[in-house]
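Thanks for making the time, everyone. Please have a look at the model on the screen before I go through it, and hold your comments until the end.

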Amino acid sequence: MDLNKDGKLTIAEYERFSRSAGAQKFVRNMKEHKAVEQWASKIGIDVAKAKAAMMLGANAQRRRSYLHRQRNARVLAHRRRHAIARRNQVVAHKRRQQRTNFWAKLGINPFLRQQYYTAMKQSSGRRGGEL
């Protein structure tokens, strides 16, 4: 707390200490310990046993939250992968559409395996093609 080590605690030093995360954690822990002790004495059980029971509960809670976080991460990763796959499908579909539309405009059915040259000859009479 005493930052300049002069043995006196100024208001600024105290305020800085009280705002620090370490001090807040220390106070919170003191309150929790006091609460556990009061709870144990009220029920009439040993304080050490009460603290052990609390720790068990806290560890179970920590484990549960860890498992939930892992599960959420898995779900989000799956959503992300699915979105990428879906986007790729849409892009492939659009490319396929563009390809078929291009050949359809030229009057070619790509499944009949006509050549570009013969198609141009066919369409040259109708639209004045390249050949």
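Let me begin with a question: among contacts in the protein chain between residues at least 6 apart in sequence, what percentage join residues at least 24 apart? The value is 0%, and I would ask you to keep in mind throughout that this is a predicted model.

As for the overall layout, the protein chain holds four helices and zero strands, and reading from the N terminus on, its elements run α-α-α-α. Of the 131 residues in the protein chain, buried residues make up 8%, while the accessible surface comes to about 11,700 Å², with 57% of that area belonging to carbon and sulfur atoms.

Let me turn to charged contacts. The count comes to one salt bridge, in which the side chains of E37 and K51 meet at 3.6 Å, N to O. This pair links distant parts of the chain, since E37 sits in helix α2 and K51 sits in helix α3, which covers residues 47–105, and the two are 14 residues apart. In general terms, side chains of opposite charge can pair when their charged atoms come close. Is either partner buried, exposed or something in between? E37 counts as partly exposed at 33% relative accessibility, and K51 is likewise partly exposed, with a relative accessible area of 28%.

K51 also appears in the next feature, the largest pocket, whose volume is about 260 Å³. The lining of this pocket consists of N29, E32, H33, V36, K51, M54, M55, A58 and R62. Which helix gives the most to that lining? The answer is α3, with five residues, although α2 and α3 each supply at least two residues of the lining.

M54, one of those lining residues, brings me to the last feature, which is a nonpolar surface patch of about 370 Å² made by W39, I43, I45 and M54. Within this group, I43 lies in helix α2, which spans residues 21–43. Why can I43 be part of a patch at all? Patch residues need over 30% relative accessible area, and I43 qualifies on that point because it is partly exposed, with a relative accessible area of 48%.

To draw these threads together, K51 takes part in the salt bridge with E37 and also lines the largest pocket, whereas M54 lines that pocket and contributes to the nonpolar patch. I am happy to take comments now.

How values were computed:
Residues are numbered from 1 along each chain as its sequence is written. This is a predicted model: local features need pLDDT of at least 70, side-chain atom pairs count only at pLDDT 80 or more; totals for chains, interfaces and linings use all residues. Side-chain values use heavy atoms; hydrogens and water are left out. Patches are made of residues with over 30% relative accessible area and no salt bridge: like charges are joined within 9 Å, nonpolar side chains (Val, Leu, Ile, Met, Phe, Trp, Tyr) within 5 Å. Accessible areas come from the Shrake-Rupley method with a 1.4 Å probe; for residues, only the protein chains shown count as cover. A salt bridge is a side-chain nitrogen of Lys or Arg within 4 Å of a carboxyl oxygen of Asp or Glu. Buried means under 20% relative accessible area, exposed over 50%, partly exposed in between (1.4 Å probe, protein chains only). Contact means heavy atoms within 4.5 Å. On a 1 Å grid over the protein atoms alone, a cavity is a set of points where a 1.4 Å probe fits but cannot get out, and a pocket is an open set with protein on both sides within 12 Å along at least five of seven lines; lining residues have an atom within 4 Å of a point. Grid points are joined across faces, edges and corners, and a volume is the space filled by probe spheres set on the points.
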